[in-house]
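Work through the exercises below with the sequence and coordinates open. Each task is followed by a solution in steps.

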Amino acid sequence: MMNTSEPLGRIELSEEASRVFGYAAQRAVCGIEELTAVGLDSADAERAVKELVEMRLLCRAEGAADRLTVVPPRTAADRLLRPLERHVRERYEEIERLRETFASLLPAYESGRARRSDAEPIELLTDLRTVQETIEELTIGARQEVLTAQPGGARSARALQEADERDRRMLTRGVQMRTLYQHPARYDQPTIDHVRRVMNLGAEVRTRTDGLCRLLVFDHRVALLGLRDDPEAALLVREPHIVHYIRVFFDCLWRDASLFPVSFDSAAAVRISGEIQESIVAMLSEGLEDKSIARRLGMSVRSCQRHASEIMKAVNAKSRFQAGYVLGRLHAAARDRE
């Protein structure tokens, strides 16, 4: 018997059931043993009959349990669908009751939100779930512009999946979006695919070497800042002057950033590689370790070590600090000649 509490999905009669129905429709009543006339063995005939009985298209003949009679398709459909229609109607009414319940809570929420916004210009969000819910709420409420900076190179598959749907909703309703990544994100295929999708919807995406911190700015009014020592927490900033300066900082980073290429550009790849190596040189001269450099540039420690080795070989240096010192003097000499 069909369970009316579950979705039906796609329902089609098997070829055998269709043949049996056509045969039975030409007779007032028939027995299963007669179905050999349509080329079915007893097992196939039993399955076909069971299928038609479940679909209400066959029923046992009155007074003859071993005989079958055809039910008109409109009657069968009415018998089968009536409980399903009742189930759907009940679920719809339940949905509407829930919707009204949630709607009744909106005045209290909006009132509390207004008081909270006035009282707490800066709020510390201490757990990842609260951060994610806040991002979702601010995304839904965005109407003009969203700015994002995503340090650390390639993003995780889960983060990209969440961002895909969230960004699509914003962009399709006309919200402008600018995103900054670090250069290593250019070489991660899932990130490239995500960037291609959002750029096709009107987003702008650029990359730069260093200087990024995780941030989002919504409609010139609210900013969300990642914390250096706790990746699952964030600062929610509503104070207008602070939000303004965060936007100014973002615009400065944006002007010096390079367009994210969604197809390979050899000239751009050479230039970006040069920028990365220049940043590594500067950090080597400061005495930073490979792990610290890699974290700041959003790349793996192994990639950072490979770049550092190439730099040391190019200037014939025996240590990373020596390489930074030599290249620093070379750059200073070049500036003096200019």
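Helices (H or I, at least four residues) and strands (E, at least two) are DSSP runs, numbered from the N terminus. The model is predicted.

**Exercise 1. Place H220 and R56 in the secondary structure, and state the sign of phi and the exposure class of each.**

Step 1. H220 is found in the loop between β8 (215–218) and β9 (222–227). R56 is in the loop between α2 (42–54) and β2 (58–61).

Step 2. For H220, phi is near 65°, a positive value in a residue other than glycine. R56 also has a positive phi, near 65°, and is likewise not glycine.

Step 3. Buried means under 20% relative accessible area and exposed over 50%, with partly exposed in between. H220 has a relative accessible area of 44%, so H220 is partly exposed. R56 is partly exposed because its relative accessible area is 22%.

**Exercise 2. Summarise the protein chain as a whole: secondary structure, burial, contacts and surface.**

Step 1. The chain has 12 helices and 11 strands.

Step 2. Of its 338 residues, 35% are buried.

Step 3. Take the contacts between residues at least 6 apart in sequence: 70% of them join residues at least 24 apart.

Step 4. The accessible surface is about 20,700 Å², and carbon and sulfur atoms account for 53% of that area.

**Exercise 3. Give the strand order of the eight-stranded sheet and explain why β4 and β11 are its edges.**

Step 1. The sheet is open, its pairing is mixed, and the strands follow the order β4-β10-β9-β8-β5-β6-β7-β11.

Step 2. β4 (122–125) and β11 (258–259) each have a single partner strand, so one side of each lacks a neighbour in the sheet.

Step 3. Two pairings illustrate the mixture. β4 and β10 are antiparallel, with four bridges. β6 (residues 176–182) and β7 (residues 204–208) run parallel and are joined by five bridges. In the β6–β7 pair, Q182 stands opposite R208.

**Exercise 4. Which residue stands opposite E123 in β10, and with which residue does E123 form a salt bridge?**

Step 1. The residue opposite E123 in β10 is L236.

Step 2. Side chains along β4 alternate: E123 and L125 point to one face and are buried, whereas I122 and L124 point to the other and are not.

Step 3. The salt-bridge partner of E123 is R238, with 3.4 Å between the closest N and O atoms. This pair links distant parts of the chain, 115 residues apart: E123 belongs to β4, and R238 to the loop between β10 (230–237) and α8 (240–255).

Step 4. Both E123 and R238 are buried.

**Exercise 5. Compare the salt bridges E162–R158 and R197–D164 by location and exposure.**

Step 1. Side chains of opposite charge can pair when their charged atoms come close. The whole structure contains 15 salt bridges.

Step 2. E162 and R158 form a salt bridge with an N to O distance of 3.4 Å. Both residues lie in helix α6 (residues 157–172), four residues apart, or about one turn of the helix.

Step 3. E162 is partly exposed because its relative accessible area is 34%. R158, at 59%, is exposed.

Step 4. In the salt bridge between R197 and D164, the closest N and O atoms are 2.7 Å apart. R197 is in helix α7 (residues 189–200) and D164 is in helix α6, so the pair ties together parts 33 residues apart in sequence.

Step 5. R197 is partly exposed at 41% relative accessible area, and D164 is partly exposed at 23%.

Step 6. A network of salt bridges links E136, E165, R168 and R169.

**Exercise 6. Is Q150 buried or exposed, and which side chain does its own side chain meet in a polar contact?**

Step 1. Q150 is in strand β5 (residues 145–150).

Step 2. With a relative accessible area of 9%, Q150 is buried.

Step 3. Its side chain makes a polar contact of 2.7 Å with the side chain of R214.

Step 4. Leaving aside neighbours within four places in sequence, the contacts of Q150 are R155, L180, Y181, Q182, L212 and R214.

Note on methods: Residues numbered from 1 in each chain as written. Predicted model: local features only at pLDDT ≥ 70, side-chain atom pairs only at ≥ 80, totals over all residues. Heavy atoms only, no water. Buried < 20%, exposed > 50% of the residue type's maximum accessible area, 1.4 Å probe, protein only. Polar contact = N/O pair within 3.5 Å; in protein donor to acceptor, adjacent residues only side chain to side chain. Contact = heavy atoms within 4.5 Å. Pairing = 2+ DSSP bridges. Areas by Shrake-Rupley, 256 points an atom, 1.4 Å probe, with all protein chains shown as cover. Salt bridge = Lys/Arg side-chain N within 4 Å of Asp/Glu carboxyl O.
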